[in-house]
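Hi,

Here is the structure I promised to pass on to you. Please have a look at it first, and then read my notes below.

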Amino acid sequence: MCKTAGSCQGCLHYVFDYETPKTLVIPNIRVGCVFRFTQLLVVLYVVGYVCVVQKAYQDTDSVISTVTTKVKGFAFTNTSDIGPHLWDVAEYVIPPQGDHSFFVLTNMVVTPEQTQSRCPELPNPSTTCVDDCDCIEGHSDPRGNGIQTGLCENYSTTVKTCEVLSWCPHEVDTKLRALMSAAENFTVLIKNSITYPKFNVHRRNILPHINSSYLKMCEFNRTSDPDCPIFRLKHIVAEAGEDFQDMAVKGGILGILIDWSCDLDWWAKKCFPKYSFRRLDNKHPVNNVAPGYNFRFAKYYKKPDGEETRMLIKAFGIRFNVIVFGTGGKFAIVPTIVNLGAALSFLSLVSRNIESCIQKRNNTGNL
Ligand SMILES: Nc1ncnc2c1ncn2[C@@H]1O[C@H](COP(=O)(O)OP(=O)(O)OP(=O)(O)O)[C@@H](O)[C@H]1O
């Protein structure tokens, strides 16, 4: 009975007793210096890192963006396959409609005058044969050129291969050199519009001071003309640390990065895009197997006798990917209060920690 009454009283004290911290004045220069120094560190952290670097007083939003591109320039080639040929944008940009990713043809293997017929396969260990028994009618190898007819035919005077039903003659891509070396002087206009929906802020990379006559003659240069949205391809590749002619042979993927990280507060500087360039299909320095980027397409036409003929093009080139990213930040009261509260609690922690240190030292001294 007594026990229960005692514990009830204990509970009442626990709930209703008022507690207040006791202020302790320690007249000690060393302790005072440590206290002020730690306070200074906390203030520097809050002002320097939290406010200036992290801008923790801001609310943030991610960028939403749209990109269109337009390439211009001409190249002239004179090869045994297609003879003298002038290339303009309608031919070397594939597909012609430029969005955030566009491909510029820099090299090709052309196989003209292909018709649907029967011809011997290109020689390799799986296609060479001695007689018809080595070839299976109806068999097709995805790595080959067509469907076997079951016959073994002369590929050359010394080699026999299985005959296939396919587009003949077959493509031979052995020696490659950058055919369209003039592509390095092509230029690309990048139009990029962005929005920060939370703040209802809209911007574009064609800045307000740019007019049409300036756009007709400008070219991006990091130091002399950083606002111009027209880029020379050679310049892009060079800034990515690559050699254009080298990359043009086998192709590759290049990233055009547009950084729209912006401080949208009125006292901050204006919000401009920052361009940078990097190769995205990283070359392996030692094991450089299957390098670059290529694909095939064909141009179809009919001969006067009505036979369907095509020119097969194995296209090598550089695909440019425009990647837009960034975060916008603007002053907001909620993150400001939250971070200010955290900073103040840090300051109170400093004095508490010093107090408990001193108490521990005193206790050990007493012992
Ligand atoms: N790749 C590029 N290199 C250099 N200038 C370019 C390029 N693309 C566009 N321009 C120029 O930038 C300006 C704006 O291009 P936009 O495509 O909006 O207009 P356009 O009149 O349809 O261009 P155009 O008919 O000359 O292709 C034009 O003066 C255009 O000639």
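**Confidence, then the fold**

In the chain, the confidence of this predicted model is lowest in helix α1 (residues 2-16), with a mean of 75, and highest in strand β11 (residues 230-232), at 97. Over the chain the mean pLDDT is 89, and 95% of the residues reach 70 or more. The scores for the model are ipTM 0.97 and pTM 0.83.

On to the domains. The assignment splits the chain into domain 1 (27-57 + 332-366), domain 2 (63-113 + 179-329) and domain 3 (122-169). Between the C-alpha centres of domain 1 and domain 3 there are 82 Å.

Next, the nonpolar packing. The largest nonpolar core has 41 residues, and the members that touch the most others are Val104, Ala183, Leu233, Ile256, Val322 and Val324. At least two core residues come from each of β2 (64-72), β6 (101-120), β9 (187-196), α5 (233-239), α6 (244-250), β12 (252-259) and β16 (308-325). Strand β16 gives the largest share, seven residues. If you would like one residue to centre your view on, try Ala183: leaving out residues up to four places away in sequence, Ala183 touches Ala75, Val104, Thr106, Leu233 and Ala248. Another core lies apart from this one and has six residues, including Cys119, Cys129, Cys152 and Cys162.

I also looked at a hairpin. Strands β7 (residues 147-154) and β8 (residues 160-168) pair in the antiparallel sense over five bridges. Five residues sit between the two strands of this hairpin. For a register check, Gln148 in your viewer should stand opposite Val164 in β8.

Now for the annotated positions. An unreviewed UniProt entry places the feature "binding site" at Lys70, Val71, Lys72, Thr187, Asn294, Phe295, Arg296 and Lys314. These positions span 245 residues in sequence and the farthest two C-alpha atoms are 24.4 Å apart, so they do not all gather at one spot.

Two of the annotated residues do meet, though, and I followed both. Lys72 belongs to strand β2, and Thr187 to strand β9. Is Lys72 buried or exposed? Lys72 has 12 other C-beta atoms within 10 Å, and because 12 or fewer is the cut-off, Lys72 is exposed. Thr187 has 17 C-beta neighbours inside 10 Å and therefore counts as partly exposed. Setting aside neighbours within four places in sequence, Lys72 is in contact with Val89, Phe186 and Thr187. From the other side, again without residues up to four places away, Thr187 touches Lys72, Gly73, Glu219, Ile230, Phe231 and Arg232.

One last residue for you is Thr327, which is found in strand β17 (residues 327-331). Thr327 is partly exposed, with 14 other C-beta atoms within 10 Å. Not counting residues up to four places away in sequence, Thr327 touches Thr60, Asp61, Ser62 and Ser261. Which distance separates Thr327 from Val286, C-alpha to C-alpha? The two are 38 Å apart in space and 41 residues apart in sequence.

Best wishes, and happy viewing!

Technical notes
Residues are numbered from 1 along each chain as its sequence is written. This is a predicted model: local features need pLDDT of at least 70, side-chain atom pairs count only at pLDDT 80 or more; totals for chains, interfaces and linings use all residues. A nonpolar core is a set of buried Ala, Val, Leu, Ile, Met, Phe, Trp, Tyr and Cys residues joined through C-beta atoms within 7 Å. A residue is buried if 20 or more other C-beta atoms lie within 10 Å of its own, exposed if 12 or fewer, and partly exposed in between; C-beta atoms are placed from the backbone. Helices (H or I, at least four residues) and strands (E, at least two) are DSSP runs, numbered from the N terminus. Two residues are in contact if their C-beta atoms, placed from the backbone, lie within 7 Å. pLDDT is the predictor's confidence in each residue, from 0 to 100. UniProt positions are given in the numbering used here, feature names are shortened, and annotations may be inferred rather than shown by experiment. Two strands pair if DSSP finds at least two bridges between them. Domain bounds come from an automatic or database domain assignment.
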